[in-house]
Amino acid sequence: MASTIRVGVVGCGFYAQNHLNSWHELRREGADLTAVCDVDPAKAEAAGGNFGVPHYTDAAKMLDAEKLDVVDIVTRHETHRPLAELAIGKGVAAIVQKPFATTWDDCVAIVDAADKAGIWLAVHENFRFQTPMRHVKRVIDSGAIGRPTWARINFRTGYDIYKTQPYFYNEERLAIADVGIHVIDLARFFLGEVAHISCETQRRNPKVRAEETATMMLRHESDAVSVVECTYGARKLPDPFPETLLEIEGETGAIVVGIGLRMSVTSNGQVSEESIGSPLRSWTSEPWHASQEGAFNACQHFLDCLKRGVPADTSGEDNLKTFALVDAAYKAAEEKRAVEPENWRRKA
Ligand SMILES: NC(=O)c1ccc[n+]([C@@H]2O[C@H](COP(=O)([O-])OP(=O)(O)OC[C@H]3O[C@@H](n4cnc5c(N)ncnc54)[C@H](O)[C@@H]3O)[C@@H](O)[C@H]2O)c1
């Protein structure tokens with residue numbers, strides 16, 4: 001088992017700060033943040049300076065100059081495939097931020113390249129790593145509510161996410177590809193794989209090019225049904241950002257996670273309640289702390305898997321199933337019908 005994992009971070013923009021801080025904190029567990037890279041020299045230099053490591057403006061040069069065990073790609077989706085293929089081509093493991101890539105074909109190409117070269121590959125899909133969501137999964141796995149049969153999982157906010165991510169105004173796909181993807185992944189995490197999906201999208205914000213609201217209905221292979229909702233145009237106050245709220249019904253009980261991350265569990269007629277909020281870390285702050293802590297937990301999981309040489313829970317192959325559902329949701333909305341995410345069965 002490797003005791004140290006040398007990490008190179010590519011992309012030092014908005015969200016990468018959470019990865020950089022996570023790897024830095026994880027030095028106690030064997031992460032060695034070795035180098036950083038951004039095509040924007042000012043961002044590369046700032047990150048290198050903040051974390052005391054060499055900085056590069058060219059990922060290929062970083063890979064040639066540094067001995068890395070893993071490249072953590074925190075750029076936007078258009079660059080994920082070339083950067084992942086670069087790392088894989090050099091025999092280095094790769095972690096790719098969500099969305100995995102721009103198209104299904106790109107995602108499959110990355111997974112196939114990694115498979116062929118025998119390279120470890122993971123997708124930084126982090127909602128399922130958030131402490132509250134881990135808690136919900138533990139309750140389900142304990143059997144307290146019996147087999148889950150129905151769920152509503154939602155991320156509905158009006159928080160000004162355009163301020164930190166102005167590129168959202170011009171994306172071709174927004175609500176489902178950016179945040180619905182996380183909620184769909186949670187639906188898989190809690191209720192298992194999906195047989196088909198229906199979806200209605202809305203573009204309620206005229207300043208935004210794509211949909212900023214989506215309402216999806218999923219039939220799971222277990223026969224369970226879930227409703228997955230996401231919007232960046234909610235009006236209610238208090239705004240729950242960045243909390244994911246949910247209700248899951250099982251054969252013998254139910255779980256409700258309400259605003260403020262209060263969880264109520266009904267098990268065989270007995271109700272218990274507790275607070276399941278994300279703890280603050282030294283470098284996290286409200287309201288982003290829930291997301292930041294999910295990113296930390298995801299990095300910690302990847303570090304552990306890399307040290308042990310085992311696949312991540314959100315491996316490339318696993319994340320194809322989430323990405324296929326994103327594609328299926330857009331198709332369902334466009335064609336006004338339920339769509340099977342057939343393409344992820346490519347290896348069945
Ligand atoms: N998981 C989450 O909760 C979450 C939240 C926000 C963003 N994200 C994801 O993180 C990714 C990055 O988003 P962001 O908001 O930080 O974007 P950003 O635009 O702020 O940062 C991206 C950075 O990548 C750099 N870059 C682009 N091409 C590069 C290349 N070839 N080599 C090196 N650097 C390059 C850019 O100069 C920029 O600094 C996206 O995929 C986004 O979906 C995830």
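Reader: Which backbone atom kind of tyrosine 15 lies 2.8 Å from the ligand, and which ligand atom does it face?

Author: A polar contact is a pair of N or O atoms within 3.5 Å; within protein, one must be able to donate a hydrogen and the other to accept it, and residues adjacent in sequence count only if both atoms are side-chain atoms. Here a backbone N or O atom of tyrosine 15 lies 2.8 Å from an oxygen atom of the ligand. The model is predicted: local features need pLDDT of at least 70, side-chain atom pairs count only at pLDDT 80 or more, and totals for chains, interfaces and linings use all residues. Residues are numbered from 1 along each chain as its sequence is written, and side-chain values use heavy atoms, without hydrogens and water.

Reader: Which ligand atom does a polar side-chain atom of lysine 43 approach, and which one does glutamine 97?

Author: For lysine 43 the partner is an oxygen atom, at 3.2 Å; for glutamine 97 it is a nitrogen atom, at 3.5 Å. The protein covers 87% of the 850 Å² of accessible area that the ligand has on its own (Shrake-Rupley method, 1.4 Å probe; for residues, only the protein chains shown count as cover).

Reader: How many strands form the sheet, and in what order?

Author: Strands of a sheet pair through backbone hydrogen bonds, either parallel or antiparallel. Strands are DSSP runs (E, at least two residues), numbered from the N terminus, and two of them pair if DSSP finds at least two bridges between them. In this model six strands form an open sheet, ordered E3-E2-E1-E4-E5-E6, with parallel pairing. Its edge strands are E3 (55–56) and E6 (121–124).

Conventions: Helices (H or I, at least four residues) and strands (E, at least two) are DSSP runs, numbered from the N terminus.
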